Amino acid sequence: MSIGSGKRPERVAVIGVGVLGAGVGWNLSRQGAEVVFIDALQPGEGVTNWSFAWVNASNKTVRKSYFDLNVAGMAAHRELAGTIGPDSWWFPSGHLRWADDPTAETKLLETAELLASWEYRVEVFTGAEARRLEPALAMPGEVPVVCYPDEAWVHGRHLVSSLVGRAVEAGAELRSGTAVCDISTRTDGSVQTVALSDGTRLDVDIVVNAAGPHAANVAALVARQLPMRREPGLVTRIDCARVPIGRVMHAPHIEIRPDGDASMVLHSREIDALIDTGEDPSELARMLHESARNVVPELGSSRIAETRTAHRPIPADGFPSVGGVPSVPGYYEAVSHSGITLGPVIGRLLATEIVSGRRDAMLADFRPERFPS
């Protein structure tokens, strides 16, 4: 199928069933495409399950078009919750952020001012006022705390399960526990078949590369170079008798969010910087846990349940690669950091592009061809 032909694809292989692949596949299925989900793991068990899973645009100010795409992602989440129901995956509880040194505090408030000028909802509290919202926090009463009330967190694995389950009920096929090992093309260069590690070969019209940190390997199967950053991140889950906070938080040296009724997720960019130093992951998890207890003393009796280092799927320039590659008709990419925030909007926009050939202007800055092969 040529890009822009308007012909409905007969069969689409979605490679990678994290939040981006699930979003694209579900939207394609709704538009009548025959979808095959393919993943070496189970749906949502890769990077999606080991993301901080924070839905936001407040951390996306480096380029206005990227900020706008993330704002659209937030809106798409709210729309999706209305369509499939919010149960077990959607938690629009807001986000608090504060700093502990003057330079970081100044930057935090400058960013809040910029976002407000872009009509993004921002509130600024004192620490004492923030503690009335979140009594379990330990922070100075006078420290400025920025609140982004429209932000949220997502249980990524539950969201993926819901989208894939609905697509399968509508006729999509799920092939999990098997990897793509080859993509063959016709004489005109267009996608023809996908070969799997279990020996299966699938005739397809379209391939969507949503393989996250493995996206460059999939791209290479069609002789395309997709440069990716190496950026590992360590996430720790802790168990506690009661989750003492209700919001996503960026406290000094630690990021914290709820993860259900008796679990929380911890992350820190400062700890990520230690991953390649040879420090034992269990020691890094202990450091995260200690930082969390400093912010939320009630976590003193909590325990580390599981820790994982995952590689963020970030194209080399830091921005998404979304859309068709003209040199390989039928081959599309859906590769991005912030997949949790962007999954629903990229899923919708890319599915429309595949089915109709029409590319949304919101994706203008994120074309895959900016990385020539």
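The radius of gyration is taken over C-alpha atoms, and the globule rule used with it is 2.2 Å times the number of residues to the power 0.38. This is a predicted model, in which local features need pLDDT of at least 70 and side-chain atom pairs count only at pLDDT 80 or more, while totals for chains, interfaces and linings use all residues. Residues are numbered from 1 along each chain as its sequence is written, and side-chain values use heavy atoms, with hydrogens and water left out.

Begin by selecting the whole chain: for its 373 residues a compact globule would have a radius of gyration near 21 Å, and because the chain has 21 Å, the two agree. Along the principal axes, the C-alpha atoms fill a box of roughly 70 × 40 × 40 Å.

Next, switch to a cartoon view, where you can follow 9 helices and 20 strands, which are DSSP runs (helices H or I, at least four residues; strands E, at least two) numbered from the N terminus.

Now colour by burial, where buried means under 20% relative accessible area with a 1.4 Å probe, protein chains only; buried residues make up 53% of the 373 residues. Of the contacts (heavy atoms within 4.5 Å) between residues at least 6 apart in sequence, 70% join residues at least 24 apart.

Finally, select the cysteines C147 and C240. C147 counts as buried because its relative accessibility is 5%, and C240 counts as buried because its value is 10%. How many disulfides are there? With a disulfide taken as a pair of cysteine sulfur atoms within 2.5 Å, the count comes to 0.

Definitions and conventions
Buried means under 20% relative accessible area, exposed over 50%, partly exposed in between (1.4 Å probe, protein chains only).
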